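Student: I have a new structure to look at, and I'd like to learn how to read it. Could you walk me through it?

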Amino acid sequence: MARRASGLPRRQRLVGLWLLLSGIGLLGGALFAAWLDSLYQPQGMARLILWLGCFSGGVTLFAAGFVLERWLFTPLRHLQGQLARLAANPDVPDVSPPEGWLRGLGPDLERVHAAWRDDRQRLAHAHADGAREATRVRQRLEVLLQTLDTPLLLCDRHQRLLLYNQAAERLFAAHPGLGLGKVLGNLLPAKGLVDVMARLPDDGNCREVLIPHDDHWLHVNLRRVSGDETLLTLTDATLTWAREVGPQAELDSLLPALRRHGAGLISAADALAHLPGGDSPELRRRLEAVIDEEGDALGASLERLGTTHDALRRQGERLVPLWSNDLWAALGERLAAPSVTPVGMPAWLKGDAPVLLEVLASLLETLAEHTGLGAFDGELCLGNRRVYLDLCWRGEALTQRHLDAWRHRRLERLPHSPSAEDVLRQHASDVWSLSDGDGARLRLPLPALSRSAAPRPESPPRPEFHDFDIANLPAPDTDLASRALRDLEIVAFDTETTGLALREGDRLISLGACRIVNGRVLADEVFEQHVNPRRPIPSTNTAIHGLSDQDVEDAPTAEQVLPHFRDYVGSAVLLAHNAAFDMLAIQPAADTFDMPVLDTLLLSRALDPGLEGHDLDSLATRYGLRFPPGTRHTALGDARVTARLWLALLRRLEARGIERLSDALAFQADVLDREDACAP
């Protein structure tokens, strides 16, 4: 490992040495002048020249130090900062010219920067030209994968995730094991899955396995693709199994009983038909009893068969959760007239959306035909396990005769043209009309859902959901200390607290983190959580981070948040700016965070001991890092800045031969301040 360069002397040491030497010179000159004055006792101009001559050495030393600081050392520190900025970010758009006696280097520095930038641009253009077709193919693949409803996972030979689509993200929502570079076993901890993956054939034939996940059973198809990579296609098999052990099993048990009762009934009826009229009255009574018994049993079995058939049909139908506001909006797009105005509170219901829209459109057309109205109100009323979808209007209720005629109307725009009654049966529903004061309403009961919150807004696709270069990283069981810095999985995190005196009772109020995989900051694989500190937040601190007591009063406590954060970190290395403070902020669970910790504050001090300003804002300015307004002094915003700062420092560390985690930890330990840090 390269030793840490001494760099320029610190400005404080230079100023102290300069003042000390100047003071010694002036004091020595004064003593020497006093000795000469007492020895020769000059008068007038001679005495003035004597004292000035004795002070000239100290004055000259003071003036020389001032000139060197102003015209040499300050420009040298400025030049060092500019070189550090260029090394970390070669594409920075502007470079400040040198100052002082180094001003003449300005054109040369600008020329070197321009040539460097031009070379990088030419390489970038050449790379873009060569990869343009591959990019188009990749974009088509991304669009295809994002629109698929089937969850897909792609793993490398070490079972690290290289790719997943939005369907997989929905299936494993909020699961800490889903993320690029994470091991599949953290997401699906099933030994059978690992065994099947180890025995997959290389000819592309698939293998199937059924594994549990929460309250579901997943049917997994595994196929070897591209050498050592494995594609997993996931299907929720819970419904299929429920049908096999539920209505389907009931149906299978009913069929033998139906055959038995039918055969018994036929045999008894046949025997009774061939029995002579006046003979064996006792036998006749017994046969008639058998016929009655078998008939009753057959009727009961048929009743159970009908119930089972309805349950089986409903279970197999596409009844999905629907938000009423979305249903009304889709109905408005479907019909130009008559119109429906939603009233009352929205609610969740279950239905086959396209079919239900067609039924409602047909109902509205019937209502408009018989009432002569062109506008209706739509309202949802909550019942016990049912949601009542009402169409309301002012006027008389619709007669039962008209409703019966509508039930038999064929819905021609649906496949096989089912009747409205068929669709109602599909939803285990009915329809009736009732008077409501001076108006009327048409009521349609539908299955309800237990959820009540409005649906979350649709999130845009993740900016990253695949990284095939992860397959080139070392195996997860490689000694962490010997891993290359660029190959590390890193979690950059930051905290906001009620104050800086953490040992005196200040507490965590916000925790944010982002992930760095394969030298890339993943934009959406983040952790962000407010924390209830169970103590007031001083207004002076609210002015810094913007969090007040109201913002955190309903948030979970640190004891509840930190285990989830530990799951998010996994086996990654932690990264923070002034890590001593942030590790102290998570002290309630610090013993569980036993992974190595990198500190961008210490690394910056080790790289540039002669430069002032190693706080996050100064370093962001030095390395040309920009961040959206209002994101500083937020936990997630500062974590993202820290992650980008790490990637900027990484180039300079590698230039000094610091390429492995053990090297970086030893390098930052050279400047480790043993006192408690208290400045964020």
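Tutor: We'll go from the whole chain to single residues, then to charges and surface patches. Keep in mind that this is a predicted model.

Student: Let's start wide. How many helices and strands are there in the protein chain?

Tutor: The protein chain has 21 helices and 17 strands. It is 680 residues in length, and 41% of them count as buried. Its exposed area is about 36400 Å², with carbon and sulfur atoms supplying 55% of that.

Student: What share of the contacts in the protein chain joins residues 24 or more positions apart?

Tutor: That share is 64%, taken among contacts with a separation of 6 or more. For one case, take Ser 339 in strand 7. Ser 339 and Phe 376 are 37 residues apart in sequence, yet their C-alpha atoms are 6.3 Å apart in space. Besides Phe 376, Ser 339 also touches Gly 374 and Ala 375.

Student: Is Ser 339 buried, exposed or partly exposed?

Tutor: Ser 339 is partly exposed, because its relative accessible area is 33%. Compare Asp 608, in the loop between helix 18 and helix 19. Asp 608 is buried, with a relative accessible area of 0%. Its contacts beyond four places in sequence include Gln 80, Ala 84 and Arg 652.

Student: Now the backbone. Which sign of phi do most residues other than glycine have?

Tutor: Most of them have a negative phi. Here, Gln 159 goes the other way, with a positive phi of about 65°. You'll find Gln 159 in the loop between strand 1 and strand 2, and at 19% relative accessibility it counts as buried. Asn 578 also has a positive phi, near 65°. Asn 578 sits in the loop between strand 16 and helix 17 and is buried at 4% relative accessible area.

Student: Next, charges. When can side chains of opposite charge pair?

Tutor: They can pair when their charged atoms come close. This structure holds 18 salt bridges. One of them joins Arg 160 and Asp 156, at 2.9 Å from N to O. Arg 160 is buried at 5% relative accessible area, and Asp 156 is buried at 2%.

Student: Where do Arg 515 and Glu 489 lie?

Tutor: Those two meet in a salt bridge at 2.4 Å, N to O. Arg 515 is in strand 14 and Glu 489 is in the loop between strand 12 and strand 13, so the pair ties together parts 26 residues apart in sequence. Arg 515 is buried, with a relative accessible area of 0%, and Glu 489 is buried at 18%.

Tutor: Then there's Arg 535 with Asp 506, whose closest N and O atoms are 3.6 Å apart. This pair links distant parts of the chain, 29 residues apart. Arg 535 is partly exposed at 32% relative accessibility, while Asp 506 is buried at 14%. Elsewhere, salt bridges that share partners join Glu 379, Asp 390, Asp 436, Arg 441 and Arg 443 into one network.

Student: And the surface? Which residues gather in a patch of negative charge?

Tutor: Glu 288, Asp 292, Glu 293 and Asp 296 do. Asp 296 belongs to helix 9 and is exposed, with a relative accessible area of 58%.

Student: Which residues make the nonpolar surface patch?

Tutor: Leu 17, Leu 20, Leu 21, Ile 24 and Leu 61 make that patch, which covers about 440 Å². Helix 1 gives the most to it, with four residues. Ile 24 is in helix 1.

Key:
Residues numbered from 1 in each chain as written. Predicted model: local features only at pLDDT ≥ 70, side-chain atom pairs only at ≥ 80, totals over all residues. Heavy atoms only, no water. Patch = residues over 30% accessible without salt bridge, like charges linked within 9 Å, V, L, I, M, F, W, Y side chains within 5 Å. Areas by Shrake-Rupley, 256 points an atom, 1.4 Å probe, with all protein chains shown as cover. Salt bridge = Lys/Arg side-chain N within 4 Å of Asp/Glu carboxyl O. Lys, Arg positive; Asp, Glu negative; His and termini not counted. Charge placed at Lys NZ, Arg CZ, Asp CG, Glu CD. Helix = DSSP H or I, 4+ residues; strand = E, 2+ residues; numbered from the N terminus. Buried < 20%, exposed > 50% of the residue type's maximum accessible area, 1.4 Å probe, protein only. Contact = heavy atoms within 4.5 Å.
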